[in-house]
Amino acid sequence: MELRINQKTYQVDADADTPLLWVIRDDLGLTGTKYGCGLAQCGACSVLVDGNVVRSCVTPVAGVVGREVTTIEAIEDDEVGKRVVATWVEYQVAQCGYCQSGQVVAATALLKHTPAPSDAQIEAAMINLCRCGTYNAIHSAMQALAKPESA
Amino acid sequence: MNNPRFARTAGWLLLACLVAAGVLAWYVTRQPATPFAQESTASADPALVSRGEYVARLSDCVACHSLAGKAPFSGGLEMATPLGNIHATNITPDRDAGIGTYSLADFDRAVRHGVAPGGKRLYPAMPYPSYAKLSDDDIRALYAFFMHGVQPDKQANIPSDIPWPLNLRWPIALWNGVFAPTAPYAAKPNQDAVWNRGAYIVQGPGHCGSCHTPRGLAFNEKALDESGAPYLAGGLLDGWYAPSLRQDHNTGLGRWSEAHIVQFLKTGRNQHAVVYGSMTEAFNNSTQFMTDDDLAAIARYLKSLPGDPQRDGPPWQYVAADTRQDIPGAHTYATRCAACHGSDGKGQPEWMPPLAGATSALAKENASAINITLNGSQRIVAAGVPDAYRMPAFREQLSDTQIAEVLTYVRSTWGNHADAVDAKAVGKLRGHTDPASASPIILQMR
């Protein structure tokens, strides 16, 4: 089947119900997207599909045929994604970093749909888990991103 | 009191009472008629045994009469009834613990009439009102399978914990007299062979109505075949709402083709839905083993049952969602549900079911929507392969109010038009399906 990932077209030979994450990491070698729980619970595997955040560990690869997938590798090609990464660096959000590609993708998806989210909206959308406990840093970075002047 | 007229009247009354009691005693302990009275030994013919195994699959005997990790058919599944808990029995051919001493006639009386040897009435948790429709040939094959195709096992039966006098069995005979049919399925001459085969499986061995037909006050199924409008019109049982299997556009199979029904029963999923709740067990243990011809027959029969627009409401049509995020439940949906079910509600057919147009999002009864959100889905095993994607349980992650709000959002978006969900209803089902509660719904706790 044919997949569109990060503006490139890939020919993939996989079963229709293979999780998208396995194809991205194992077949295509795009290992920036991480495997966390495998149950759509933690968010480490988040990618964008047509601009919406999707947990690729539970997304059958056949379900994204004909749609535009964006992974962390290309997130800075997106204006919003670029701002998110810059703010993440500015606030030194990452600690071990394992969950951060998912956090950045989730933040990008939120800001693409809601450029100036309220605290409640940030809290509701940024639910990816982080075992280092960088939640306060994530929250600060998100508040900076949510200010209208930074838009 | 020396009035001879009084004494005579009292005497007649007493006699009448005694006669009535005698008739009652005869009725409630009598052995039902069986065509197998002259046949005593089970044939060990391998073809017959293997046919019996197929009938056992059609009838899903294993779902109740086996527990994971125990010998097949050694019983033990605990079932909650309004009176107390009962346990499915050992039906292996062990001579002491199981049914090894049953003659074919005994076996027939138990399966089709709910009467054990000695006249003891079975609880209708055993779906003999449906199995009554099994053909003589299928009963003979089923008996051959249980005598020669199943390993005997010594697992002792667990007595019910229903207190006296509620545990008296004879009143069930009266219930049977009113509610249980006594004759096998008779083919309808005005329908073709495929339809008749479908009707036989659905009404008889498949016992679809046990869950999908609404029940009356006496816990009886309100209809046992297509002659009754409530037949397979959707029923609430054990914390799940088994939807209509009639041609209802919203809550039934109105939008499904015969091919969709076959695919659903064969693979557990299609573009409309994925099996969940009690249907997962029915799929894992029964429907996926049915032949393609039998599945096609079931589909033909189900597609012949008309819907009821009055009950079903205005026909659902997809409406693109409002993208506002300040509606209660919208944010929970976006963060907890949309990754799989899609921000457009269309899911990832046929792996993640759509919520747009889903029965659980259109039915008046909200039990299935609440239950699956609280407790997630069980593992679907199709052709020996466990499924890759399952609905996770949100019991520990979302409050009653959050679940009520997100379900209300789902049930009022993308053209869905079902009632709001009340947080109290979520709390109630949370208690009932909690393994630590005093009255858990046992069937769902495995």
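This tour proceeds through a predicted model, from the contact between two chains to selected residues of chain B.

**Stop 1: the interface**

Begin by colouring chain A and chain B separately. Between them, chain A and chain B bury about 1,500 Å², and 58% of this area is on carbon and sulfur atoms. The size of an interface is often given as the accessible area lost when the parts come together. To display the contact itself, select the residues that take part: 21 residues from chain A and 15 residues from chain B.

Next, look for polar and charged pairs. Four residue pairs are in polar contact across the interface of chain A and chain B, while the number of salt bridges between chain A and chain B is zero. Now select residues 52-55 of chain A, which are β4, and residues 119-125 of chain A, which are α4; each of these elements supplies at least two residues of the side of chain A that touches chain B. Which element gives the largest share of that side? It is β4(A), with four residues.

**Stop 2: a nonpolar patch on chain B**

Select B:W12, B:L15, B:V19, B:V23 and B:W26, and display the surface. These residues form a nonpolar patch there, with about 580 Å² of accessible area together. Then centre the view on B:W26, which is located in helix α1 (residues 4-29) of chain B. Is B:W26 buried or exposed? With a relative accessible area of 54%, B:W26 is exposed, because the cut-off for this class is over 50%.

**Stop 3: a buried threonine**

For a contrasting case, select B:T287, in the loop between α11 (278-285) and α12 (292-302) of chain B. The relative accessible area of B:T287 is 8%, so this residue counts as buried, a class that requires a value under 20%. Which residues should be shown around B:T287? Leaving aside neighbours within four places in sequence, B:T287 is in contact with B:L265, B:M279, B:A282 and B:L295.

**Stop 4: salt bridges**

Over all chains, the count comes to 19 salt bridges. Several in chain B may be visited in turn.

Select B:R51 and B:D138 as the opening pair. They form a salt bridge whose closest N and O atoms are 2.4 Å apart. This pair links distant parts of the chain, since B:R51 is in helix α2 (residues 46-59) and B:D138 is in helix α6 (residues 136-148) of chain B, 87 residues apart. B:R51 is partly exposed, at a relative accessible area of 39%, whereas B:D138 is buried, at 4%.

Move next to B:K188 and B:E226, a salt bridge with its closest N and O atoms 3.6 Å apart. B:K188 lies in the loop between α7 (171-179) and α8 (193-203) of chain B, and B:E226 in the loop between α9 (209-212) and β3 (235-237), so the pair ties together parts that are 38 residues apart in sequence. B:K188 is partly exposed, with a relative accessible area of 29%.

Then select B:R300 and B:D192, whose side chains meet in a salt bridge (3.2 Å, N to O). B:R300 lies in helix α12 of chain B and B:D192 in the loop between α7 and α8, so this pair ties together parts 108 residues apart in sequence. B:R300 is partly exposed, with a relative accessible area of 32%, and B:D192 is also partly exposed, at 39%.

Finish by selecting B:D108, B:R112 and B:D136, which are linked in a network of salt bridges.

How values were computed
Residues numbered from 1 in each chain as written. Chains lettered and ligands numbered in written order. Predicted model: local features only at pLDDT ≥ 70, side-chain atom pairs only at ≥ 80, totals over all residues. Heavy atoms only, no water. Patch = residues over 30% accessible without salt bridge, like charges linked within 9 Å, V, L, I, M, F, W, Y side chains within 5 Å. Areas by Shrake-Rupley, 256 points an atom, 1.4 Å probe, with all protein chains shown as cover. Salt bridge = Lys/Arg side-chain N within 4 Å of Asp/Glu carboxyl O. Buried < 20%, exposed > 50% of the residue type's maximum accessible area, 1.4 Å probe, protein only. Contact = heavy atoms within 4.5 Å. Buried area = accessible area lost by both parts, 1.4 Å probe. Polar contact = N/O pair within 3.5 Å; in protein donor to acceptor, adjacent residues only side chain to side chain.
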